[in-house]
Each structure stands twice: as structure tokens, then as C-alpha cells.
Amino acid sequence: MKPELIMVGPMMPHVMEALDSDFTVHRLWEVSDKKALLDEVGSQVRAIATSGHLGASAELMDALPKLEIIGCYGVGVDAIDLPHAAKRQVIVTNTPDVLNDDVANMAIALLLATSREIVNGDRYVREGKWLKGAMHLTRSIRGRTLGILGLGRIGKDIARKAEAFGMEIAYHGRAKQDVPYRYYADLVEMAGDSDYLVAICPGGPATDKIVNRAVLDAIGPNGVFINVARGSVVDEPALVAALEEGRLGGAGLDVFAEEPKVPEALFKMEQVVLQPHAASATHETRRAMGDLVVDNLRAHFAGKPALTPV
Ligand code: NAP
Ligand code: 8YV
């Protein structure tokens, strides 16, 4: 008998095939009456496969009395009710490390895209403006300070890459680490000393709107805020206002408070570069993330420890 599994949303074809071969998969997104499906099969379901943005609520977990494990396709687990999973003694797995390189690359791409105005330059050429004269000069990043909010697995990769571009690295987190970068216990203070501030900490209640007006004002009119963490870590209306009023110089944003909705005011801003939560979205990384979701679930049901429990 294959274990029964609820898949909350679609995943890459190779993940769906692998899960179909080892589990009886119930595709929650395909049914209009989700409650009816859960009433029908919930009592037998032992696993959930979900994504970082769809997560798993306490309500969903409680519809599955035999739930043992939740496999999350993503490293960020802020959309999963972790306290409830712990209370229910449900194992939660995520996909750390395999996405560090591509997510860090997106942070660096946004850093370069905003400082060198890559999108504006592209538009300048396409709109024929170059024929009438050269575009204005942009800013180099060498010698500038990059403040990293969340010097974890991905944050350290961003730091290494930014060092190669000649940047000075500072970081903020709850604790000082044994690294050759300057630590700030105070985020506003770090923002004041940084030309670029990149957020790459987890989402959730502890970091909710941690990048507030005071932090944005401290980054300042010549500074740039890059967010590859979660939309929840920044006070989004305060971010829009700071950009509109010129109190913040620019922003490179991969994540938003209410994805896929993005504040329309940002669409017209030339000092802003937007991405559709795509930092890990390469064929290679998404394949590796998918493999890890499957390998975690397989290990658990083979009686072995999960590979990457949260
Ligand atoms: P990680 O290794 O756990 O690192 C997280 C870092 O954040 C740690 O250095 C931690 O340092 C810091 N941190 C945690 N809570 C904090 C708080 N309350 N205040 C300040 N700093 C705090 O995680 P990771 O693998 O690098 O991933 C980080 C996050 O990036 C994920 O959780 C996810 O939300 C986001 N992400 C986004 C994308 C995307 O597509 N845009 C892709 C992957 C990941 P301390 O413990 O010292 O505080
Ligand atoms: C994914 C992410 O896009 O890993 C994360 O935390 O945000 C991204 O890699 C997301 O989890 C897919 O839903």
C-alpha cells in the first residue's frame, strides 16, 4: 500500500512523477470542493507536499489526523504553521543550500541592475534615445558598503560574491558570528552606514516589517534596498512612500507583501527593478529543490531520518 499524500499545488513534472510512483497523491488544487476531498481521504493521509508560498495551515493539518511529514518546496517555511506542526509532532522539511547560488546571484543581479541602471539602459536603446545622445552616468559598486540583513546560508553566499565586486560587507542578525564582516546589533545603524541593504532573513512574525521607515530613511536618498527575503520583512507602503518622496534612492525587489500583486506605484519608478519572486527559478535549482522534496519524503517512509528537517 502506497502512503497517501496531499499535494497542495502543482510542482515540476519530475516531482509529480516521482511522487506518483511512491505515493497515492491527492491533488488539492485540482478540486473545487477541497473540504469534500479532505473529508473523503483526510483520515488516511500521512504526508503533505507544499510550496514555500502555499504553505500548510493548522486547519489543513487538523484535517489529516495521521499526518507525519510536510515536505516544503522552498527553504522559507513562514507559510507553514510551525508551532502547530510541532504540537502535532509533524516533521517539516525544506530545501536549504541547493538554492543558495541562484538566490545570491539574483541579489547581485538586482544590485547591479539598480546601480548600473541595466533596465533603463535597455529601454534607452530600444526607444532610440541613444541616437540623440549618450545616457546619463550610473554608479559603481566598488568600495561601497553592502549591509546584509540575515547572514545565513544565502546571506554568506551574497557576501562572498559582493566581496569579489570590491564591496565592504556588514551584517545584522540576532547574534554576532565568527566572520570577517562588521556586525551591527542595530539594524538602523547598519542601514545608516550602508549604501545597499539586502534583506535575506526568514519571513514570519519575528521579522515582520523589520525594514520600517526608520531603516529606509537610514539607507537614504543615495542608497538602495534589495529584497530577496519575503515581502513581509518590509513595511511596503513605507517603502513606496520613501521611493516616491526620494528619501530612498532605489530598490530591487523580488518579493512582495501580497504576491502576485505588486503596488502599482512601483511600475512607473525608474529607480526600481522588479522580479516575480524568481530568485530560485532556474531549471537547475528548481530541479534540485524538487529532488530534495521527494528524497525527504522517501527517506521518511523508508523508516530513515528526513534529510533536511527544519
Ligand atoms: P538561514 O540560513 O536560516 O539564514 C537566515 C539568517 O537570518 C540567519 O543569519 C539569521 O541570523 C537571520 N535571522 C533570523 N531571524 C532573524 C531576526 N528575527 N532578525 C534578524 N535576523 C534574523 O536561511 P537561508 O537559507 O539563508 O534563507 C533565508 C530566507 O531567504 C528564507 O527563509 C526565505 O524566506 C528567503 N528566500 C527567498 C527566496 C526567493 O525566491 N526570493 C529564495 C530562497 C530563500 P541570526 O540567527 O543570527 O539572527
Ligand atoms: C521558492 C523561496 O520560489 O525557497 C524559498 O524560500 O522563496 C523560493 O525558493 C518558493 O519557496 C516556491 O514556492
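# A tour from ligand 2 to the aromatic pairs

Start at ligand 2: one of its oxygen atoms is 2.9 Å from an N or O atom in the side chain of His53, a polar contact (a pair of N or O atoms within 3.5 Å; within protein, one must be able to donate a hydrogen and the other to accept it, and residues adjacent in sequence count only if both atoms are side-chain atoms). This is a predicted model, in which local features need pLDDT of at least 70, side-chain atom pairs count only at pLDDT 80 or more, and totals for chains, interfaces and linings use all residues. Residues are numbered from 1 along each chain as its sequence is written, chains are lettered from A and ligands numbered from 1 in the order in which they are written, and side-chain values use heavy atoms, with hydrogens and water left out.

Next, select Arg230, where an N or O atom of the side chain is 2.8 Å from an oxygen atom of ligand 2. At Gly76, a backbone N or O atom lies 2.8 Å from a ligand 2 oxygen. The protein covers 90% of the 330 Å² of accessible area that ligand 2 has on its own (Shrake-Rupley method, 1.4 Å probe; for residues, only the protein chains shown count as cover).

Now select strand E3 (residues 45-51); six of its seven residues are buried, so the strand is largely enclosed by the rest of the structure. Buried means under 20% relative accessible area, exposed over 50%, and partly exposed in between (1.4 Å probe, protein chains only). Strands (E, at least two residues) and helices (H or I, at least four) are DSSP runs, numbered from the N terminus.

Add strand E1 (residues 4-7), which pairs with E3 in the parallel sense over four bridges; pairing requires that DSSP finds at least two bridges between two strands. Ile6 stands opposite Ile48 in E3. Then add strand E4 (residues 69-73), which runs parallel to E3 and is joined to it by five bridges. Ala47 has Ile69 in E4 as its bridge partner.

Last, there are two aromatic pairs. Phe23 and Phe301 have ring centres 5.5 Å apart and planes at 80°, so this pair is edge-to-face. Rings of Phe, Tyr and Trp (its six-membered ring) pair if their centres lie within 6.5 Å; planes under 30 degrees apart count as stacked, over 60 as edge-to-face and the rest as tilted. Phe23 is buried at 4% relative accessibility, whereas Phe301 is partly exposed at 22%. For Tyr171 and Tyr183, the ring centres are 5.2 Å apart and the planes at 50°, so the pair is tilted.
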